[in-house]
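Subject: Handing over the structure

Hi,

Here is the structure I promised to pass on to you. Have a look at it first, and my notes on what turned up follow right below.

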Amino acid sequence: MGDKIEMLTSVDNEVKDMLITVDKSFRKKYNLEPDFYVRVPGRVNLIGEHIDYCGYSVCPMAIKQCIVAAVKSRSDSSLILSNHESAKYPDYSSKIGYLDVNKDSTTTGFGPRWHDYVLCGLKGVVESANVAPTKGLIIHLYGNIPVASGLSSSSALVCCAALSLSVTLNLSPTKKNLAEKCAKAERYIGTEGGGMDQAIIFNAKRGTASLISFDPLRLTEVQIPPACTFVIAQSMVQKNKAASNDFNSRVVECRLASLIIGKHYLKNWKKFPRLMDLQKELKFDLGKMLKVVQEVFHDGLYTKLEVCQILDISEEELENKFLTANTRHLNTFKLKPRVTHVFAEALRVDMFCSICDGAKSIDKLGRLMNESHFSLKNLYECSHVELEKLVTICSLNGASGVRLTGAGWGGCVVALVPLATAEEFVKSVKAAFYTGKVPASVNIDDLIFITKPHHGAAVFQSGAVDY
């Protein structure tokens, strides 16, 4: 996993059409030849939702849908960002030394601008490498990852930008280094995510999902049983997790729960705001941690005052050390259900990967996915009415298991389906869920599709795109 991303000289057919599109678009817009091209995939998380930022392992895979970029260095210090779909994503320009991520947008309700994610990736490279770029850059993008659907289109933008600048500066970072760098960089946008998206984007291998563990970052191949396939279906409800505090409120609830458990057992409890670190320090297994939750937490809401009293800290310390900018105004927290989900979901990830490596039972895998969704709906409360309709329809039409994937509150579901019936399953769900909902301008095949594990990020030299 520590290997570097090589400059490829040829393009496989699955990527070629997109690279041709971005190449033609770049040449038409700038009348220049790109120096190189970058491709980064989206991802679908099969199981292990809302636990990577708590330190626990997850099981995603890269998908065919991706972002590609044509990249050109400049002799001056100008930074120019553009998109093939310029009507939806307006051009942006500044100086390469002035990477101003629009932090205010995270609290306006409108969410960050598309180029803020690109700036995050560039800023992460500049600050971590301690370099002051003297040359500017043109990055021209094109993508087909559904936006705000839980398939990591935002993380793909961050990773695409970081990889583009790294190649331009001849930094030659490892995939692991890039993943860790981008996980930190995306937090400039205001969301306190974990490192799953970036890890799979850079390290995915064709044909396998990955069990991703953290501290240290490591990936273990997970072979999906050959009789299984996965179908991704959009609820047609978009949710930008940086545009509200829904995501960060869950992060801080887990953080506060970790501190309260720690206070119950440890003198140095302030060192363990992350649940995985706390568990390691306590030397308890996940089953024991679930019992601890029942012993330590009461049902219902915790007020900010109650949390401060339990931890014996001031409201100022709570807000400044343990909350985020967009959660400091919150006065109540749900702790017991959130932390119950985290420990139970971590157990499900372990069982899911063990089944894939062992008996390869599609029914057992499906049950775990169903349990995961039930937990996300009822304990984490991150589902949506349209997601629930889609889950029900998938279940009634032959899915062995189905769950929301990504942050939730909209976005996509991922359904585990027997390979032999996958095509019929897609037809049935199209008829039952999408009929009458899809605008004429939208291709329904972009809303529901069969997927398999694809490879991670790649860089192609300019001559690789031959048409």
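Ala 129 is partly exposed, because its relative accessible area of 27% falls between the 20% limit for buried and the 50% limit for exposed. Please keep in mind that the model is a predicted one. Ala 129 belongs to helix H2, which covers residues 114-129. Lys 181 is 52 residues away from Ala 129 in sequence, yet in space the two C-alpha atoms are 9.7 Å apart.

Another pair to look at is Arg 367 and Val 402. These two are separated by 35 residues in sequence and by 8.8 Å in space, again from C-alpha to C-alpha. Arg 367 sits in helix H12, residues 362-378, and with a relative accessibility of 47% it counts as partly exposed.

Arg 367 also leads on to Ser 400, since Arg 367 is among the residues that Ser 400 touches. Leaving aside residues up to four places away in sequence, the other partners of Ser 400 are Ile 362, Gly 366, Asn 370, Leu 416 and Pro 418. You will find Ser 400 in the loop that runs between helix H13 (385-396) and strand S12 (401-405). Is Ser 400 buried or exposed? Ser 400 has a relative accessible area of 19%, and it is buried because that value is under the 20% limit.

Next, the helix pairs. Two packed helices are described by the angle between their axes and the distance between the axes.

How do H9 and H10 cross, and at what angle? The axis of helix H9 (residues 304-311) comes within 9 Å of the axis of helix H10 (residues 315-322), and the crossing angle is roughly 95°. H9 and H10 are therefore roughly perpendicular to each other. On the H9 side the contact involves Lys 304, Val 307 and Cys 308, and on the H10 side Glu 315, Leu 318 and Glu 319. By class, the residues of this contact are three nonpolar and three charged, with no polar ones.

The second pair is H6 and helix H8 (residues 286-296), whose axes come within 11 Å and cross at roughly 85°. That angle makes H6 roughly perpendicular to H8. Here Ile 260, Ile 261, His 264 and Tyr 265 of H6 meet Val 292, Glu 295 and Val 296 of H8. This contact of H6 with H8 has five nonpolar residues, one polar and one charged.

Finally, the empty spaces. Rolling a probe the size of a water molecule over the atoms shows where empty space is left.

The second largest pocket holds about 460 Å³ of space. It is lined by 22 residues, and those closest to its centre are Arg 187, Gly 193, Gly 194, Gly 195 and Arg 274. Which helix gives the most to the lining of this pocket? Helix H4 does, with four residues. Helix H4 (175-185) and helix H6 (246-265) each supply at least two residues of the lining. By class, the lining has 11 nonpolar, three polar and eight charged residues.

As for cavities, the count comes to one of 30 Å³ or more. The largest cavity has about 30 Å³ of space, and its lining is made up of Asp 12, Glu 14, Val 15, Arg 39, Lys 64, His 454 and His 455. Four of these lining residues are charged, two are polar and one is nonpolar.

Happy browsing, and best wishes!

Notes
Residues are numbered from 1 along each chain as its sequence is written. This is a predicted model: local features need pLDDT of at least 70, side-chain atom pairs count only at pLDDT 80 or more; totals for chains, interfaces and linings use all residues. Side-chain values use heavy atoms; hydrogens and water are left out. Buried means under 20% relative accessible area, exposed over 50%, partly exposed in between (1.4 Å probe, protein chains only). Axes are lines fitted to C-alpha atoms, for helices over the stretch in contact, and angles run from 0 to 180 degrees between N-to-C directions. Angles under 35 degrees count as roughly parallel, over 145 as roughly antiparallel, 65 to 115 as roughly perpendicular and the rest as oblique. Contact means heavy atoms within 4.5 Å. Ala, Val, Leu, Ile, Met, Phe, Trp, Tyr, Cys and Pro count as nonpolar, Asp, Glu, Lys and Arg as charged, and the others, Gly among them, as polar. On a 1 Å grid over the protein atoms alone, a cavity is a set of points where a 1.4 Å probe fits but cannot get out, and a pocket is an open set with protein on both sides within 12 Å along at least five of seven lines; lining residues have an atom within 4 Å of a point. Grid points are joined across faces, edges and corners, and a volume is the space filled by probe spheres set on the points.
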